[in-house]
Amino acid sequence: MLLDGSRVLVAGATGVIGAAVASGLVERGARVAVAGRNPTRLAQHAADLGGVPASRIDAYDLDGCADLAHWAADRLGGLDAVVVTIGVAAFGPADTQPEPVTEHVFTVNALAPIAVLRGALAVRPTPGTLAAVTGVVAERPQRQMAAYSSAKAALSGWLTAVRAERRSQGTVVLDARLPHLDTGFADRAVAGTPPPLPRPVPLDETVDALLEALESDAVLLAPNGTGGVTADHRLPQPH
Ligand SMILES: NC(=O)c1ccc[n+]([C@@H]2O[C@H](COP(=O)([O-])OP(=O)(O)OC[C@H]3O[C@@H](n4cnc5c(N)ncnc54)[C@H](OP(=O)(O)O)[C@@H]3O)[C@@H](O)[C@H]2O)c1
């Protein structure tokens, strides 16, 4: 997908990664619509990006999440891509996590992103690229993060199934399985305190890699073992 001139919805643009992705897209010539929960940061980011369309979302309003892509297509005169960067962590042994924490973590990390992307599938013409930030935990679930890891795995599984469903239409589905970044995300956990975390990968380089992955129609972005992330353009298809 050529980013220059593309029309992109960033859901989660009030977060550190989402804000950096939205800015990077605008720098590369894309027209963006942004969505986020925090009204003050949302208004500020939209203004900083030159007064782009902005919409509030809350993960618990799944109908609102599902309508978001239609809203963005309406405001931008069509939609070429959707990038979802919504998420929240929770830490602690699984047996200490109250049910509402698990429900919250699954709502924010799986149900809401799925609703946003499912809504995008119903837009005509359908955006050619759908992307979501999952996390390395989706393929390597971590102790003290059972709910967070499994919610990200659920989102990653949904992306894999939709990629297969949409292969014949040429829809690109990007799963960004990012490793730990120093965004303060772990300190904003809905429950618990983070265990010792690995050395963070640099934010700027990672966001650049994500934007290049979008531009080159990659389907996976994952740690490369040398302190960064690398894009993959082909994945084994599910049977
Ligand atoms: N940082 C890392 O180490 C890391 C590693 C791998 C994957 N990720 C994933 O990357 C994504 C972005 O993380 P980040 O580091 O940029 O963290 P962040 O700054 O905390 O961003 C989180 C985003 O999720 C939104 N959000 C949280 N709860 C929500 C809710 N109930 N309803 C609607 N939106 C909600 C936040 O909205 P408000 O700010 O408006 O409340 C914010 O836009 C997340 O999906 C995270 O799981 C992060």
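**Exercise 1. Find how the length of helix α5 compares with the span expected for it.**

Solution.
Step 1. Helix α5 has 20 residues.
Step 2. At 1.5 Å a residue, the expected span is 28 Å.
Step 3. In this predicted model, α5 reaches 28 Å from its first C-alpha to its last, close to that expectation.

**Exercise 2. List the buried residues of α5 and say what covers them.**

Solution.
Step 1. Buried means under 20% relative accessible area.
Step 2. The buried residues of α5 are Ala147, Tyr148, Ser149, Ala151, Lys152, Leu155, Ser156, Trp158, Leu159, Val162 and Arg163.
Step 3. The cover over these residues includes α4, β5 (129–133) and β6.

**Exercise 3. Place serine 156 in the structure, and decide: buried or exposed?**

Solution.
Step 1. Serine 156 sits in helix α5, residues 146–165.
Step 2. The relative accessible area of serine 156 is 7%. The cut-off for buried is under 20%. Therefore serine 156 is buried.
Step 3. Now look for contacts, leaving aside neighbours within four places in sequence. Serine 156 is in contact with Thr134, Ala138, Asp175 and Arg177.

**Exercise 4. Check the span of helix α3, then follow the helix to its end.**

Solution.
Step 1. Helix α3 covers residues 62–76, which is 15 residues.
Step 2. At 1.5 Å a residue, α3 should span 21 Å. Its end C-alpha atoms are 22 Å apart, which agrees.
Step 3. Look for a bend. α3 bends by about 35 degrees at leucine 68.
Step 4. Leucine 68 is also one of the buried residues of α3. The others are Cys65, Ala66, Ala69, Trp71, Ala72, Ala73 and Leu76.
Step 5. What covers the buried residues of α3 includes β1 (7–11), β2 (31–36), β3 (54–56) and α4 (99–121).
Step 6. Glycine 77 follows α3. The phi of glycine 77 is positive, near 75 degrees.

**Exercise 5. Work out the order of the strands in the sheet, and explain what is special about β3 and β8.**

Solution.
Step 1. The open sheet has 8 strands. Their order is β3-β2-β1-β4-β5-β6-β7-β8, with mixed pairing.
Step 2. β3 and β8 (229–232) stand at the edges. Each has a single partner strand, so one side of each has no neighbour in the sheet.
Step 3. Neighbouring strands are turned by 15 degrees against each other on average, direction ignored.
Step 4. Take one pair, β6 (residues 172–176) and β7 (residues 220–223). These strands run parallel and are joined by 2 bridges. Alanine 176 has leucine 221 in β7 as its bridge partner.

**Exercise 6. Describe the surroundings of β1: its burial, its partners and its crossover.**

Solution.
Step 1. Of the 5 residues of β1, 4 are buried, so the strand is largely enclosed by the rest of the structure.
Step 2. β1 pairs with β2 in the parallel sense over 5 bridges. Alanine 11 stands opposite alanine 35 in β2.
Step 3. Trace the chain from β1 through α1 to β2. This β-α-β crossover is right-handed.
Step 4. β1 also runs parallel to β4, joined by 4 bridges. Valine 8 stands opposite alanine 81 in β4, and valine 10 opposite valine 83.
Step 5. Add the helix. α1 (residues 16–27) lies across β1, β2 and β4 (81–84), at about 170 degrees to β1.
Step 6. Helix α2 (residues 39–48) also packs on the sheet, touching β2 and β3. The direction of α2 makes about 170 degrees with that of β3.

**Exercise 7. Sort the side chains of β4, then move from β4 to β5.**

Solution.
Step 1. Ala81 and Val83 point one way from β4, while Val82 and Val84 point the other way. All of them are buried.
Step 2. β4 and β5 run parallel, with 4 bridges between them. Valine 84 stands opposite alanine 132 in β5.
Step 3. β4, α4 and β5 form a right-handed β-α-β unit.

**Exercise 8. Locate glycine 92 and name what it touches.**

Solution.
Step 1. Glycine 92 lies in the loop between β4 and α4.
Step 2. Its relative accessibility is 10%, so glycine 92 counts as buried.
Step 3. Leaving aside neighbours within four places in sequence, glycine 92 is in contact with Gln97, Gln144 and Met145.
Step 4. Compare sequence with space. Glycine 92 and alanine 191 are 99 residues apart in sequence, and their C-alpha atoms are 7.7 Å apart.

Terms used. Residues are numbered from 1 along each chain as its sequence is written. This is a predicted model: local features need pLDDT of at least 70, side-chain atom pairs count only at pLDDT 80 or more; totals for chains, interfaces and linings use all residues. Side-chain values use heavy atoms; hydrogens and water are left out. The expected span of a helix is 1.5 Å times one less than its number of residues. The bend at a residue is the angle between axes fitted to the seven residues ending there and the seven starting there. Buried means under 20% relative accessible area, exposed over 50%, partly exposed in between (1.4 Å probe, protein chains only). Contact means heavy atoms within 4.5 Å. Two strands pair if DSSP finds at least two bridges between them. Axes are lines fitted to C-alpha atoms, for helices over the stretch in contact, and angles run from 0 to 180 degrees between N-to-C directions. A crossover is right-handed if, with the strands pointing away from the viewer, the path from the first strand over the helix to the second runs clockwise.
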